[in-house]
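Here are a few notes to read alongside the structure. Have a look at it, then go through the points in order.

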Amino acid sequence: MFGYVPLGMAFGILFQDLGYSWYYATLMGVFVFAGAAQFMAIGLLAAQAGLLEVLISTLALNSRHIFFGLSLLGRYRGSGLQMFYLVFGLTDETYSLITTTPAPDPARQRDYYLAITALNQSYWVAGCTLGALLGSVTRFDTQGMDFALTALFLVLLIEQWRKVGEPLPFLLAAACGLFSLHFFAQQMLLVAITLSVTLLLVSYRRRQPTSA
Amino acid sequence: MNGNAHLLLVMATMALATFATRATPFLLLGRRADHPLLAFLGRYTPPAIMTILVIYSFGSVEFASPPHGAPELLASLLTLIAHLLWRQALVSIFAGTAFYMYALQSGLF
């Protein structure tokens, strides 16, 4: 959970490097609240990417959140403002905390999830703001700091490997990824994800030949 | 276009897209949560997406010309080893990133 402060700071510093005022980093932490996507936005903003590219890239990158939600359908029930906030704040970090630590008081599960989400976001917003402020008062060489995003993906990949322990989805996705990178460099994420989900669906049909 | 206006539009787009991905299952699938297909996708899609994201982040590396992606590969290896040893996401990310920044800025390659 505290990990959000240094990661947020790295984002804030890189973001400030683009020449925007520090409070935009705060705003982004408050309204977008997506670690990997915010890091990716730095690259997109630097390249003056159009809104359609921003939209497609964010959807592709965050499509993994759809599957977080799927496994929480049983726990996140109901509606209203509280539910809205829980869904809004369903980041990688929030998801992994909620699925690995049980609520201390089962009768107040909703409050526990809300507290985790709100604390996570506070740390993230504080980190983004601190980093942007730090970047605006001191000048230092940030070259190479963008590797933090690659490293984050690697860590999440290792965690997935530990959890799933079957080579199929990794090999299938690696093939789709390399293929898409070669032939569809610009829309690589979208093509690769669509292709691999399609292939996964095909393999699901094969496993269950009797089901319609 | 004005830089700040463009930034605000980018942020609004990202906020909507991010919320859309997080809300989709709750809006569409509330009553079909136990379908085996969903369990299958829930298990196998995240590893596939993470694999693709790692390949995506290597997309701009020039392997054909010197230093043939050596800084990226070594920094990744360091991240991997750190994570296998300590399993502290932050330590792993910090180790890889610090090495990569040093490698680029010191002209090691």
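1. Is the crossing of helix 2 of chain A and helix 1 of chain B left-handed or right-handed? That crossing is right-handed (clockwise turn of the near helix from the far one by less than a right angle; anticlockwise would be left-handed). Helices here are DSSP runs of H or I, at least four residues, numbered from the N terminus.

2. A word on the basis: this is a predicted model, where local features need pLDDT of at least 70 and side-chain atom pairs count only at pLDDT 80 or more, while totals for chains, interfaces and linings use all residues. Residues are numbered from 1 along each chain as its sequence is written, and chains are lettered from A and ligands numbered from 1 in the order in which they are written.

3. Back to that pair: the axes (lines fitted to C-alpha atoms over the stretch in contact, with angles from 0 to 180 degrees between N-to-C directions) come within 10 Å and cross at roughly 15°. Helix 2 of chain A and helix 1 of chain B are therefore roughly parallel (angles under 35 degrees).

4. Chain A brings Y24(A), L27(A), M28(A) and F31(A) to this contact, and chain B brings L7(B), M11(B) and A15(B). Contact means C-beta atoms, placed from the backbone, within 7 Å.

5. Now the whole interface: 55 residues of chain B touch 68 residues of chain A. Helix 2 of chain B gives the largest share of chain B's side, 20 residues.

6. Helix 2 of chain B also packs with helix 11 of chain A, at about 145° with axes 10 Å apart. This crossing is right-handed.

Terms used:
Two residues are in contact if their C-beta atoms, placed from the backbone, lie within 7 Å. Helices (H or I, at least four residues) and strands (E, at least two) are DSSP runs, numbered from the N terminus. Angles under 35 degrees count as roughly parallel, over 145 as roughly antiparallel, 65 to 115 as roughly perpendicular and the rest as oblique.
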